[in-house]
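I opened this model to log its fold, its strand pairing and its backbone exceptions. The entries follow in the order in which I looked things up.

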Amino acid sequence: MEPITLTTERLVLRPFGPQDTHRVHAACQDPDIQRWTVIPSPYRLTDAELFTTTLAPAGWQDDSAYGFALTLRGNGALVGALGIDRRSRPGTYEVGYWSTKEHRGNGYVIEAVLGSARWAFLSLGADRLEWRAEIGNLASRAVALRAGFRLEGEQRSGLLNKGVRRDAWTAALLPSDLGLAGTHPYVPGRHAPRPNGAPDSVRRPA
């Protein structure tokens with residue numbers, strides 16, 4: 001896919017480029033970003049250069065991942081990063097994000113998540129946008145919940161971060177959550193009643 005640019009009320013979401021290398025490197029010196037995301041730690045200038053000049057453009061070229069620099073309309077300040085990655089299941093994508101320390105608390109990432117989610121549903125044909133974060137990453141969880149994601153549970157060993165497997169929270173956003181139609185009809189499931197009023201737990205015969 002050719003890289004595209006999205007706009008929201010306060011932001012421009014544009015593809016990363018070489019001009020972002022030093023700003024990405026500076027932002028990713030934040031210990032919280034290094035702790036909770038899968039970026040290398042320590043994060044060197046060569047890591048930022050690889051991301052902005054090779055990895056991010058390659059995701060657009062092979063339709064595997066769509067990375068956006070989150071910048072303020074007007075002065076172009078970098079306030080964060082967001083990526084939408086294609087999953088193996090049809091119509092399923094995953095969103096991930098981080099925000100620069102000095103711009104947190106302004107709702108910029110929530111705005112970016114909602115804007116990119118609408119684009120994924122309308123232009124990529126996504127029927128399900130997933131979010132995962134290591135259990136304990138309360139900031140990422142707060143963004144997801146405020147953007148309308150519904151928590152679906154926990155995954156044991158659901159994330160691999162710097163060679164260590166971690167338990168993860170999972171959540172999802174659907175087109176209908178934003179008042180949009182999906183590419184396929186969606187019928188929410190209902191829990192079938194247990195026969196004869198049996199409890200949910202299954203008892204083994206003595």
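**Entry 1: elements.** I counted 5 helices and 8 strands in the protein. The model is a predicted one. Reading from the N terminus, I wrote the order down as β-β-α-α-α-β-β-β-α-β-α-β-β.

**Entry 2: confidence.** I looked up the mean pLDDT, which is 93 for the protein. I also noted that 92% of the residues reach 70 or more. Residues 197-206 are another matter, with pLDDT below 50. Beyond near neighbours in sequence, I found 2 contacts for this stretch in the model.

**Entry 3: overall numbers.** I took the extent of the C-alpha trace along its principal axes and got about 65 × 40 × 35 Å. The protein has 206 residues, and 41% of them are buried. Its accessible surface is about 12000 Å², with 53% belonging to carbon and sulfur atoms. For contacts between residues at least 6 apart in sequence, I recorded that 59% join residues at least 24 apart. I listed 25 positive and 21 negative side chains. The centres of these two sets are 7 Å apart.

**Entry 4: the sheet.** In what order do the 8 strands lie in the open sheet? I read β1-β2-β3-β4-β5-β6-β8-β7, with mixed pairing. The edge strands are β1 (6-7) and β7, each of which pairs on one side only.

**Entry 5: β4 with β5.** I went on to strand β4 (residues 78-86) and strand β5 (residues 92-99), which run antiparallel and are joined by 7 bridges. Glycine 83 faces a glycine here, namely glycine 96 in β5.

**Entry 6: the β6, β8 and β7 end.** Strand β8 (residues 164-173) is antiparallel to strand β6 (residues 128-134), and I counted 6 bridges between them. In this part I found leucine 129 opposite leucine 173 of β8. Strand β7 (residues 150-161) also pairs with β8 in the antiparallel sense, here over 8 bridges. I noted alanine 172 in β8 as the bridge partner of arginine 150. β7 and β8 form a hairpin with 2 residues between the strands.

**Entry 7: positive phi.** I then checked the backbone angles. Most residues other than glycine have a negative phi, and most peptide bonds are trans. Which residue in the hairpin of β7 and β8 takes a positive phi? I found lysine 162, with phi near 55°, in the loop between β7 and β8. Its relative accessible area is 40%, so lysine 162 is partly exposed.

I logged aspartate 63 as well, since it has a positive phi of about 60° without being a glycine. Aspartate 63 sits in the loop between α3 and β3 (65-72). Is aspartate 63 buried or exposed? Neither label fits, because its relative accessibility is 27% and it counts as partly exposed.

**Entry 8: a cis peptide.** Where is the cis peptide bond that I noted? It joins serine 41 and proline 42, and omega is about 0°. I placed proline 42 in the loop between α2 (31-36) and α3 (45-61).

**Entry 9: for the file.** I keep three loop positions marked: proline 42 between α2 and α3, aspartate 63 between α3 and β3, and lysine 162 between β7 and β8. I also marked residues 197-206 for their pLDDT below 50.

How values were computed:
Residues numbered from 1 in each chain as written. Predicted model: local features only at pLDDT ≥ 70, side-chain atom pairs only at ≥ 80, totals over all residues. Heavy atoms only, no water. Helix = DSSP H or I, 4+ residues; strand = E, 2+ residues; numbered from the N terminus. Buried < 20%, exposed > 50% of the residue type's maximum accessible area, 1.4 Å probe, protein only. Contact = heavy atoms within 4.5 Å. Areas by Shrake-Rupley, 256 points an atom, 1.4 Å probe, with all protein chains shown as cover. Lys, Arg positive; Asp, Glu negative; His and termini not counted. Charge placed at Lys NZ, Arg CZ, Asp CG, Glu CD. pLDDT = per-residue confidence, 0-100. Pairing = 2+ DSSP bridges.
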